[in-house]
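Here are a few notes to read alongside the model, written for someone who will have it open on screen. Please go through them in any order you like.

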Amino acid sequence: MSCRAFAKEGRRRCARTWSSLAGLTLLIGGCVSSPYLAESLSEWKAAAPPPEDDLLYRIYLIGDSGYPRLDGPDPILTWLEARFKAESENSAAVYLGDNIYPKGLPESDDPLYAESLARINKQLDALKDFRGRIVFIPGNHDWDKSGQSGLWALNRQEDHIEAYLNRGNTFLPDDGFPGPSVVELTEDLVLVAIDTEWWLHDFERPIGDTGDYNLEVEEDFLIEFDDVMREYEGKRVIVAAHHSMYSNGEHAGFMSLKHHLFPLTKF
């Protein structure tokens, strides 16, 4: 075994340990009864926003946007479009997944196709005058709502968004891979896009050459992610993904008293 292969195998074993510990931590965290709150939340709320003259870069983080109104102007998209028009090149719009409800972009003969296409196009039209960087990241609904046709629905959405916007590589990570995909926004600010649904998906998902590294087993992603974090150490790094590490809502198992006493009211 070469020195390089030996080192990679050693890192894989370390990554497997990390993967096992992460799974255990997630399992324990799911049983915690109190919601997560950042320690600095109160300080963050009390902090005054910086003066516009001191602002170096602005990033819009937009999540679960895949169900805009189609019977008239959507108030959120109207507000965003107005903000986008006023922005300079020192800005970015990052869509954090679930870009098309309910099941991503289906095939053209599917009854949901026309409505799904209209929903994503309405969001893309709001970006037509935006001069900043655009990044779309997929969520579980974009993978056919975690269904069997997930990879194909995802690829259709990627092809459509990039063709419609004609702004280059705006859908990340590429080709259904988990990433990490790096976007250098400024000399000191870096966006790292990852697809967390790739880890959760029960059906076909891509394995092999990602364009940046060879993804043979899941641990290879952890090795590559670690390499990226080391490469940009000392810079401001934003890791963007659909699934949050912590949640105060029902996705993390936190239900209201009403849902505990009357669980069927949720439906």
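**The buried side of α5, and what surrounds it**

1. A good place to begin is helix α5, where Gly150, Leu151, Ala153, Leu154, Gln157, Glu158, His160, Ile161 and Leu165 are buried. Please keep in mind that this is a predicted model. In an α-helix there are 3.6 residues a turn, so residues three or four places apart point the same way. The cover over the buried residues of α5 includes α4 (113–125) and β3.

2. How many residues does α5 have, and how far does the helix reach? Helix α5 spans residues 150–165, which makes 16 residues, and there are 23 Å between its first C-alpha and its last. That is close to the 22 Å expected at 1.5 Å a residue. Just after the helix, Asn166 has a positive phi of about 55 degrees.

3. Now to the sheet, which is open and has three strands in the order β1-β2-β3, with parallel pairing. Because β1 (58–62) and β3 (133–136) stand at the edges with a single partner strand each, one side of each has no neighbour in the sheet. On average, neighbouring strands here are turned by 10 degrees against each other, ignoring direction.

4. Looking at one pairing in detail, β2 (residues 91–95) and β3 are joined in the parallel sense by four bridges. Ala93 has Ile134 of β3 as its bridge partner.

5. Which strands does helix α3 lie across? Helix α3 (residues 75–86) lies across β1 and β2, and runs at about 160 degrees to β1.

6. Some backbone values are worth a look on your screen. Most residues other than glycine have a negative phi, and most peptide bonds are trans. Asp64 is not a glycine, yet its phi is positive, about 50 degrees. Asp64 sits in the loop between β1 and α3, and counts as partly exposed because its relative accessibility is 43%. Lys145, also a residue other than glycine, has a positive phi near 50 degrees; Lys145 belongs to the loop between β3 and α5.

7. Where are the cis peptide bonds that end at Pro173 and Pro180? One joins Leu172 and Pro173, with omega about -10 degrees. The other runs from Gly179 to Pro180, with omega near 0 degrees. Pro173 is in the loop between α5 and β4 (181–184), and Pro180 is in the loop between α5 and β4 as well.

Note on methods:
Residues numbered from 1 in each chain as written. Predicted model: local features only at pLDDT ≥ 70, side-chain atom pairs only at ≥ 80, totals over all residues. Heavy atoms only, no water. Pairing = 2+ DSSP bridges. Helix = DSSP H or I, 4+ residues; strand = E, 2+ residues; numbered from the N terminus. Axes fitted to C-alpha atoms, helices over the stretch in contact; angles between N-to-C directions. Contact = heavy atoms within 4.5 Å. Expected span 1.5 Å × (residues − 1). Buried < 20%, exposed > 50% of the residue type's maximum accessible area, 1.4 Å probe, protein only.
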